[in-house]
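Colleague: Please take one part of this model and describe it closely, beginning with how it is held by its neighbours and then moving outward to its surroundings. I would also welcome a word on how far the model may be trusted.

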Amino acid sequence: MRNTLFFVAFMVIILTLVAVPAWAKGWYVGGGGEAVSFGGDLGDVDAGGGFTFSFGYKFSPLFALDFLWGGTVHDENVGGGTATHGSLLAGAKFSFNDSNNFQPYLTAGLASHVVDFDYFERIDGTGVFLGAGADIFFNQNNAINIGIRSSTWTGEDSGFKYDVTTAIFSVVYNYYFRH
């Protein structure tokens, strides 16, 4: 399970490229920052911050496939070291309003997480997420996305299982490839 994050990322990209018809338009890409906090079996890890990369495909004004790939650094209270978190979230994004510049949405999908600790092997696992947020458009090509997603996942390290909840708050600039 060490390569879970990279395998999921590779498969999502390949399946997305194959599944999208050639005539369809609406790709977007962006980047920004995220703050992540843990609960459950990793509740002793402090909240941390880092980067996120966003891309997706908008099939209609109200529906998109959305992908977030991020990484954060955290202080670990028990061992005194640091923990590095990586995640890939792939999900459906349902917008409520396409008539103005403020477009709230709900999102849900699959999540892959990896947490590397300084003093022992890493924990990696998969789960699901739910989220909400808003896209704030400056014009038809430029938007700021503000969102929060909560992921529940089960991780494993050397045969030990961990039940984890992860809250991810992100602020991302997205560029939409529209004419």
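Modeller: Strand β3, residues 63-75, is joined to β4 by 13 bridges, and the two run antiparallel. I shall take β4 as the part to examine, bearing in mind that the model is predicted. Strand β4 covers residues 82-95, and it also pairs with strand β5, residues 102-117, in the antiparallel sense over 13 bridges. The link from β4 to β5 is a hairpin of 6 residues.

Individual residues show how these pairings are laid out. Leu89 has a partner on either side: Leu68 is its bridge partner in the pairing of β3 with β4, and Ala111 stands opposite Leu89 in β5. The residue before it in the numbering, Leu88, stands opposite Ser112 in β5. Elsewhere along the same pairing, His85 has Val115 of β5 as its bridge partner.

The burial of β4 fits into this description. Of its 14 residues, 11 are buried, so the strand is largely enclosed by the rest of the structure.

Strand β5 carries the pattern onward. It pairs with strand β6, residues 123-137, again in the antiparallel sense, over 14 bridges. Within that pairing, Tyr105 stands opposite Gly133 in β6. The wider arrangement is a closed barrel of 8 strands with antiparallel pairing, in the order β1-β2-β3-β4-β5-β6-β7-β8. On average, neighbouring strands of this sheet are turned by 25° against each other, direction ignored.

The side chains add a further layer. The largest nonpolar core has 16 residues, and Phe38, Leu42, Val115 and Phe117 are those with the most contacts inside it. Strand β4 supplies at least two residues of this core, as do β1 (27-40), β5, β6 and β8 (160-176). Val115 thus appears twice in this account, as the bridge partner of His85 and among the core residues with the most contacts. Phe117 touches Leu42, Val45, Glu76, Thr82, Ala83 and Ile123, leaving aside residues up to four places away in sequence. A second, separate core of 5 residues includes Tyr28, Ala64, Phe137 and Ala143.

Ala64 deserves a separate remark. It is found in strand β3, and with a relative accessible area of 4% it is buried, as the limit for that class is under 20%. Apart from residues up to four places away in sequence, Ala64 touches Tyr28, Tyr57, Lys58, Phe59, Gly91, Ala92 and Lys93. Gly26 is 38 residues from Ala64 in sequence, yet their C-alpha atoms are 8.8 Å apart in space.

As to confidence, the mean pLDDT of the protein is 85, and 84% of its residues reach 70 or more. Over residues 17-24, however, the pLDDT is below 50, and this stretch has 5 contacts in the model beyond near neighbours in sequence. Where pLDDT is low, the predicted coordinates should not be read in detail.

Note on methods. Residues are numbered from 1 along each chain as its sequence is written. This is a predicted model: local features need pLDDT of at least 70, side-chain atom pairs count only at pLDDT 80 or more; totals for chains, interfaces and linings use all residues. Side-chain values use heavy atoms; hydrogens and water are left out. Two strands pair if DSSP finds at least two bridges between them. Axes are lines fitted to C-alpha atoms, for helices over the stretch in contact, and angles run from 0 to 180 degrees between N-to-C directions. Buried means under 20% relative accessible area, exposed over 50%, partly exposed in between (1.4 Å probe, protein chains only). pLDDT is the predictor's confidence in each residue, from 0 to 100. Contact means heavy atoms within 4.5 Å. A nonpolar core is a set of buried Ala, Val, Leu, Ile, Met, Phe, Trp, Tyr and Cys residues joined through side-chain atoms within 4.5 Å.
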